[in-house]
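User: Here's a model I'd like to look at closely, one part at a time. Start with the metal site, please, and then go through pockets and cavities.

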Amino acid sequence: MSARKILIYPDPRLRTPCEPVAEFDQALESLVKDMADTMYDAPGIGLAAIQINVHKRVIVMDVSESRNQLQVFVNPEIFDLNQGTREVEEGCLSVPGFFVPVKRPEKVLVKAQDIQGNHFELEADEMTAVCIQHEVDHLDGKVFVDYLSRMKRERIRDKLVKSQAEPEARVA
Ligand code: NI
């Protein structure tokens, strides 16, 4: 188990652009393993490498009930399939405790590579579509609170800054 520390908004490192992956090597395999451990440990349904301060275009997801269907997307690209939009309440491991409605395309085509570098395509809808779009935003340095009004976003930012400044509870 090697869960890593998740960056919390408004950490500026969540804004650093992510580079495409060029080498499909042992280092990528270790990164994906750590990302999966971090996501399952949190627990969450998706995690982008940037959230553990690795600025590469890698995403892990598991939207299954059983929590045993890991999906890995390397260098993902998303195309709107023009089936309308849907608004869903989203959460984010980097914005703990807040859920906000975000409107996104209902169905998307995902083009990506797997951990060996093989190209694949996936038509995503439902939670998979929501999650992949949320995670690709992370790779572009975007956090879901960016969809909110400035006032609402600042309220969330201030609360998270305050909660991180407080000393952690000590357990005897
Ligand atoms: Ni997120």
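Analyst: Helices (H or I, at least four residues) and strands (E, at least two) are DSSP runs, numbered from the N terminus. On that basis the protein has three helices and seven strands, in the order α-β-β-β-β-β-β-β-α-α from the N terminus on. It's a predicted model, so local features need pLDDT of at least 70 and side-chain atom pairs pLDDT 80 or more, while totals for chains, interfaces and linings use all residues. Numbering starts from 1 along each chain as its sequence is written, and side-chain values use heavy atoms, without hydrogens or water.

Now the metal. The nickel ion is held by the SG of Cys 92 and by the NE2 atoms of His 134 and His 138, at 2.1 to 2.2 Å. (Donors are N, O and S atoms within 2.8 Å of the metal, or 3.2 Å for Na, K and Ca; water isn't among the atoms, so sites may look incomplete.) Written as a spacing, the donor residues read C-x41-H-x3-H. Cys 92 and His 134 sit 42 residues apart, and this pair ties together distant parts of the chain: Cys 92 comes from the loop between strand 4 (85-90) and strand 5 (100-105), and His 134 from helix 2 (residues 126-139). Cys 92 and His 134 are both buried (under 20% relative accessible area; exposed is over 50%, partly exposed in between, with a 1.4 Å probe and protein chains only).

Cys 92 turns up again in the largest pocket. Its lining has 21 residues, and Ile 45, Glu 90, Gly 91, Cys 92 and Leu 93 are the closest to the centre. This pocket holds about 320 Å³ of space. (On a 1 Å grid over the protein atoms alone, a pocket is an open set of points with protein on both sides within 12 Å along at least five of seven lines; in a cavity a 1.4 Å probe fits but can't get out; lining residues have an atom within 4 Å of a point.) Helix 2 is the biggest contributor to the pocket lining, with six residues, and strand 4 gives at least two. By class, the pocket lining splits into 11 nonpolar, seven polar and three charged residues.

Then there's the enclosed space: the structure has one cavity of 30 Å³ or more, and the largest cavity comes to about 60 Å³. Glu 90, already met in the pocket lining, is also one of the residues around the cavity, together with Arg 86, Val 88, Val 102, Arg 104, Pro 105, Glu 106, Glu 126, Ala 129 and Val 130. Strand 4, strand 5 and helix 2 each put in at least two of the cavity's lining residues.

Helix 2 also carries Gln 133, which counts as buried at 8% relative accessibility. Past its neighbours within four places in sequence, Gln 133 touches Ile 78, Arg 104, Pro 105 and Val 108 (contact means heavy atoms within 4.5 Å). Arg 104 and Pro 105 are both in the cavity lining too.

For contrast, try Glu 65, in the loop between strand 2 (58-61) and strand 3 (71-80). Glu 65 is exposed, at 80% relative accessible area. From Glu 65 to Ile 45, C-alpha to C-alpha, is 9.9 Å in space and 20 residues in sequence, and Ile 45 belongs to the pocket lining.

Stepping back to the whole chain, 42% of the 172 residues are buried. Of contacts with a separation of 6 or more, 64% join residues 24 or more positions apart. The C-alpha trace spans about 45 × 40 × 30 Å along its principal axes.

Definitions and conventions:
Points joined across faces, edges and corners; volume = space filled by probe spheres on them. Nonpolar A, V, L, I, M, F, W, Y, C, P; charged D, E, K, R; others polar.
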